[in-house]
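Work through the exercises below with the model open. Try each task before reading its solution.

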Amino acid sequence: MLVVISPAKTLDYENPALVKQYTLPELVSHSAELIEVCKRLTPADIASLMSVSDKIAGLNAARFASWTPSFSLENAKQALFAFRGDVYTGLDADTLSNEELDYAQSHLRMLSGLYGVLKPLDLMQAYRLEMGTALGNGRGKNLYEFWDNIITDKLNEALAAQGDDILVNLASNEYFKAVKAKGIQGTLVTPVFKDAKNGQYKIISFYAKKARGMMARFILATRPKTLEDLKGFDYDGYYYSPEQSTPNAPVFLREER
């Protein structure tokens, strides 16, 4: 199975990654094109475009200004260890074994507004550029038009290389919109996570994000071969609900905490 997840706004570049091995992002030439657009933005432009504070806008203006197409452990960090946030809390990359990390290189991809698609060990310089940002560029009015079919093509390459045709979408709607779902050369599965609250099962954003990370970790740990195997996900109290599920949208429930 190939798994896709979203990136995170929160980054950790203060603590070194627990591993030294790394790979390089494959779409850097496209990233550099976006950076040239971003370098022309003032902090005020960034604050308005991204709806962020002046402090965060200034930080990201500095990041854009210092970005370089040359990556090293001195100016970058492996993406899986740089991202922090609810999904990555659930995934808990710092406790992956070497074998699980090797497996992740072939079976896990992170979508990115700046980098398009990242493998876990791809070096990544700090940035903030969410996929939904309406950044006008030479290819269109936003990042969806900029990336067009590029992300989909990369995912199809990864699908073909990893051994089966199942793509598990654990990304947010904002990010998976960058994928041309009809162009995926395989079976697309989007798990749904619901928590009980006041007698009803609902998608609760915080819990669902963490659950997507836990599902990714489950796949890295157990290496399921079939959709039936995926139904065995049982981390942190979740269980498969055949009544609420459809073939391409398995539903996992958890009782009120």
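Five exercises follow, each with a worked solution.

This is a predicted model: local features need pLDDT of at least 70, side-chain atom pairs count only at pLDDT 80 or more, and totals for chains, interfaces and linings use all residues. Residues are numbered from 1 along each chain as its sequence is written, and side-chain values use heavy atoms, with hydrogens and water left out.

**Exercise 1. The five-stranded sheet**

Give the strand order of the open sheet of 5 strands, and name its edges.

Solution.
- Step 1: The order is β6-β5-β1-β8-β9, with mixed pairing. Strands are DSSP runs of E, at least two residues long, and helices are runs of H or I, at least four long; both are numbered from the N terminus. Two strands pair if DSSP finds at least two bridges between them.
- Step 2: β6 (116-118) and β9 each have a single partner strand, so one side of each lacks a neighbour in the sheet.
- Step 3: From one strand to the next, the twist averages 25°. Angles run from 0 to 180 degrees between N-to-C directions, on lines fitted to C-alpha atoms, for helices over the stretch in contact.
- Step 4: Now add the helices. Helix α8 (residues 150-162) touches β1, β5 (108-112), β6 and β8, and makes about 145° with β1. Contact means heavy atoms within 4.5 Å. α10 lies across β1, β5 and β8, at about 150° to β8.

**Exercise 2. Strand β8 and its partners**

Which residues of β8 lie on each side, and how does β8 pair with β1 and β9?

Solution.
- Step 1: In a regular strand the side chains alternate between the two faces of the sheet.
- Step 2: In β8, I166, V168 and L170 take one side, and L167 and N169 the other.
- Step 3: Check the burial. In β8 (residues 166-170), 5 of 5 residues are buried. Buried means under 20% relative accessible area, exposed over 50%, and partly exposed in between, with a 1.4 Å probe and protein chains only.
- Step 4: Strand β1 (residues 2-5) runs parallel to β8 over 4 bridges. V4 has N169 as its bridge partner.
- Step 5: β9 is also parallel to β8, joined by 3 bridges. I166 is partnered by T187, and V168 by V189.

**Exercise 3. The four-stranded sheet**

Trace the open sheet of 4 strands and find what surrounds β13.

Solution.
- Step 1: The order is β11-β10-β13-β12, again with mixed pairing. The edges are β11 (200-202) and β12 (239-240), each paired on one side only.
- Step 2: β10 and β13 are parallel over 4 bridges. Here V192 is the bridge partner of V251.
- Step 3: β12 and β13 (residues 251-254) are antiparallel over 2 bridges. Y240 stands opposite F252, and Y239 opposite L253.
- Step 4: V251 and L253 point one way from β13, F252 and R254 the other, and all are buried.
- Step 5: α10 lies across β10 (192-197) and β13, at about 135° to β10.

**Exercise 4. Two leucines**

Is L135 buried or exposed? Then treat L188 in the same manner.

Solution.
- Step 1: L135 sits in the loop between β7 (123-124) and α7 (143-147).
- Step 2: L135 is buried because its relative accessible area is 3%.
- Step 3: Leaving aside residues up to four places away in sequence, the contacts of L135 include L34, V37, C38, L41 and L49. V37 is 98 residues from L135 in sequence, with the C-alpha atoms 8.4 Å apart.
- Step 4: L188 belongs to strand β9 (residues 187-189). L188 is partly exposed, because its relative accessible area is 21%.
- Step 5: With the same exclusion, L188 touches L167, N169, F176, A181 and N248.

**Exercise 5. The largest pocket**

What lines the largest pocket?

Solution.
- Step 1: The volume is about 440 Å³. A pocket is an open set of points on a 1 Å grid over the protein atoms alone, where a 1.4 Å probe fits, with protein on both sides within 12 Å along at least five of seven lines. The volume is the space filled by probe spheres set on the points, which are joined across faces, edges and corners.
- Step 2: There are 21 lining residues, each with an atom within 4 Å of a point. S6, P7, A8, K9 and K209 lie nearest the centre.
- Step 3: Elements giving two or more residues include β2 (10-11), β4 (83-84) and α10 (205-222). The largest share, 3 residues, comes from α5.
- Step 4: The lining divides into 9 nonpolar, 4 polar and 8 charged residues. Ala, Val, Leu, Ile, Met, Phe, Trp, Tyr, Cys and Pro count as nonpolar, Asp, Glu, Lys and Arg as charged, and the others, Gly among them, as polar.
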